[in-house]
Amino acid sequence: MDFTLTNEQELLRDGLSKYLSTRYDLEKSRSAAKTGAGWQPEIWRGFAEELGILGAGLPEDVGGIGGGPVESMVIAEALGHALVIEPYIDTAVVAAGLLLRAGGPAATALLEKIADGSAIVALAATEAESGDDWQRVTTEARRDGSGWVLHGEKIVVMNAPLATHLLVTARTPDDGVSLFLLEPDRPGVHAHVYRTIDDRRAADLVLDGVQVSADAVLGAAGRAGPSLAQARDEGAAAVCSEAVGGMRKVVADTVEYCRQRQQFGQPIGSFQALQHRMVDMHMELEQSVAATYLAVLKLGAEPAERARAVSAAKVTVGRAARFVGQNAVQLHGGMGMTEELAIGHYFKRLTAVQYEFGSTDHHLKRYARLTRS
C-alpha cells in the first residue's frame, strides 16, 4: 500500500502549513476561544478564498477541487499541528460527506456555501442514551400535513453555536433514521451553549415541536443509517489525522525543551531515562501515523473493512494521544499545564480527541466484534 503523497498533495500540505505558521497566532486563537466568538471568521474566510481548502474534498461542480480523503487527511494534520479551532472537520468532512451522499437541490446549494466559506454546518446526532451509537435515535419526526414536526434532545453538538445550519437525525414513522436540514434559529430549537475542555464551543439542543417542510429531509426518509455510519468513520479518520499533527508538534516541542532545560549543570535531555521516554513518545506517534494512513486509504472500502481500519486507527491514536500528551506535560514539569505554554493547550485537545467520533473503548470493542471469527 502506497503512503506517498502526490506532488499536488505535497503542495497543498506545504502551502497550508506556511499559511498557518505566518497567519495563525496561538495566543489570538485562545483568546477568541475563551472570551470571544469561539472562532476567527477572518481565518475561515482565508481558508475558503485564499487557500480553497474548504472545498478540497468536494467535486468541482459545487465549487470544490475534486479531492478526496487523502486531501482531507493532509489538511486535518496541518490544522492539528497549528491547533486550529475553526470547525473544518465537522463542516468540510462530516457534514459535506452527508450532503454529497444525500444529493438534491438543498444539499447542493449548501455544499456550494461550504466551499465558499459562507456556511458552517453542525451535525446533531448524539443523544443522552445513545452513547457512541448514532443509530440509537429517540428524537422523533412526525408527519404534519406535507411537512414534519421534530421532538427530542441532542447533546454535545460540536460547533452548534457557530453553525449557520444544522443536520439533525430523527426517527421517522417507518422506524428508520432520517436526516433533516434546519436553521439553528428556527422556532422550537433551544440551545444550552458551553465551552468544552479543549476550548471549543458546543451545545445541547432541545427540539420542541420544530416544524420543517417536506424538502428538509435529505435523501430518502428513513434511509440515512448507512450514510451516518460512513460519516462517523470519515470523521474518526479525520480527527486521527488532526491528532497526528498535534502529536508531531508536541513531540518536537518536548525534545527542544529537553535540549534547553538545564538541571545539575547539563540539559535534561542528556539523561538516559528521559531519552527513553522521548523515544517511546516518538514510537507511539509513528504507529499512529501508519494506522491513520491505512484508515484513510480504506474509507472507500466495503463497510466492514472500512470500520476495522478506522477502529484500529482510533484505538492506536487514542492510546498514543494519552501517552504523548501526559509525558509531554510531565517532561515540561508543572509549567506544562500553564496557560502561557502551548503544550498545555495541545494536551487538552489530545485528551478530547480520544472521545470524538467514538471513544477508544468503543472502537476497541467494535474492532474485536468485527474481527471475531
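This is a short dialogue on the cavities, pockets, helix crossing and recorded domains of one predicted model.

Student: What makes an empty space a cavity here, and how many cavities are there of 30 Å³ or more?
Tutor: In a cavity a 1.4 Å probe fits but cannot get out. By this rule the count comes to two cavities of 30 Å³ or more.

Student: What volume does the largest cavity have?
Tutor: The largest cavity has a volume of about 50 Å³. The second largest cavity has about 30 Å³.

Student: Which residues count as lining the largest cavity?
Tutor: A lining residue has an atom within 4 Å of a point of the space. For the largest cavity these are G80, L83, E242, A243, G246, Y346, R349, L350 and V353. Both α7 (225–260) and α10 (342–352) supply at least two of the lining residues.

Student: How do you know which classes of residue line the largest cavity?
Tutor: Sort the lining by class. It has five nonpolar, two polar and two charged residues. Gly counts as polar, so G80 and G246 go in the polar class. Glu and Arg count as charged, so E242 and R349 go there.

Student: Which residues line the second largest cavity?
Tutor: They are V239, C240, A243, K314, V317, G318, A321, V353 and Q354. Here α7 and α9 (303–332) each give two or more residues. The most come from α9, with four. By class there are six nonpolar, two polar and one charged. Lys counts as charged, so K314 belongs to that class.

Student: Why is the largest pocket called a pocket and not a cavity?
Tutor: A pocket is an open set of points, whereas a probe in a cavity cannot get out, so an open space takes the name pocket. About 670 Å³ of space lies in the largest pocket.

Student: What lines the largest pocket?
Tutor: The lining has 33 residues. V156, M158, Y355, E356 and F357 lie nearest the centre. Elements that each supply at least two residues include α4 (69–81), α5 (88–102) and β3 (147–158). The lining divides into 20 nonpolar, four polar and nine charged residues.

Student: What about the second largest pocket?
Tutor: Its volume is about 320 Å³. It is lined by 21 residues, with G68, P69, S72, V93 and E234 nearest the centre. At least two residues come from each of α4, α5 and α7. The most come from α5, with six. The classes are eleven nonpolar, eight polar and two charged.

Student: Why is the passing of α1 and α3 given an angle of roughly 145 degrees?
Tutor: Angles run from 0 to 180 degrees between N-to-C directions, so a value over 90 is allowed. The axes of α1 (residues 7–23) and α3 (residues 41–51) come within 12 Å and cross at roughly 145 degrees. The crossing is right-handed.

Student: How do you know that α1 and α3 are in contact?
Tutor: Contact means heavy atoms within 4.5 Å. L16, Y19, L20 and R23 in α1 meet I43, G46, F47, E50 and L51 in α3. By class, this contact has six nonpolar, one polar and two charged residues.

Student: Which domains does UniProt place here?
Tutor: An unreviewed UniProt entry places "Acyl-CoA dehydrogenase/oxidase N-terminal" at residues 6–116. That span is 69% helix and 0% strand. UniProt also places "Acyl-CoA oxidase/dehydrogenase middle" (unreviewed entry) at residues 122–208. That span is 0% helix and 55% strand, with end C-alpha atoms 19 Å apart.

Note on methods
Residues are numbered from 1 along each chain as its sequence is written. This is a predicted model: local features need pLDDT of at least 70, side-chain atom pairs count only at pLDDT 80 or more; totals for chains, interfaces and linings use all residues. Side-chain values use heavy atoms; hydrogens and water are left out. On a 1 Å grid over the protein atoms alone, a cavity is a set of points where a 1.4 Å probe fits but cannot get out, and a pocket is an open set with protein on both sides within 12 Å along at least five of seven lines; lining residues have an atom within 4 Å of a point. Grid points are joined across faces, edges and corners, and a volume is the space filled by probe spheres set on the points. UniProt positions are given in the numbering used here, feature names are shortened, and annotations may be inferred rather than shown by experiment. A crossing is left-handed if the near helix is turned anticlockwise from the far one by less than a right angle, and right-handed if clockwise.
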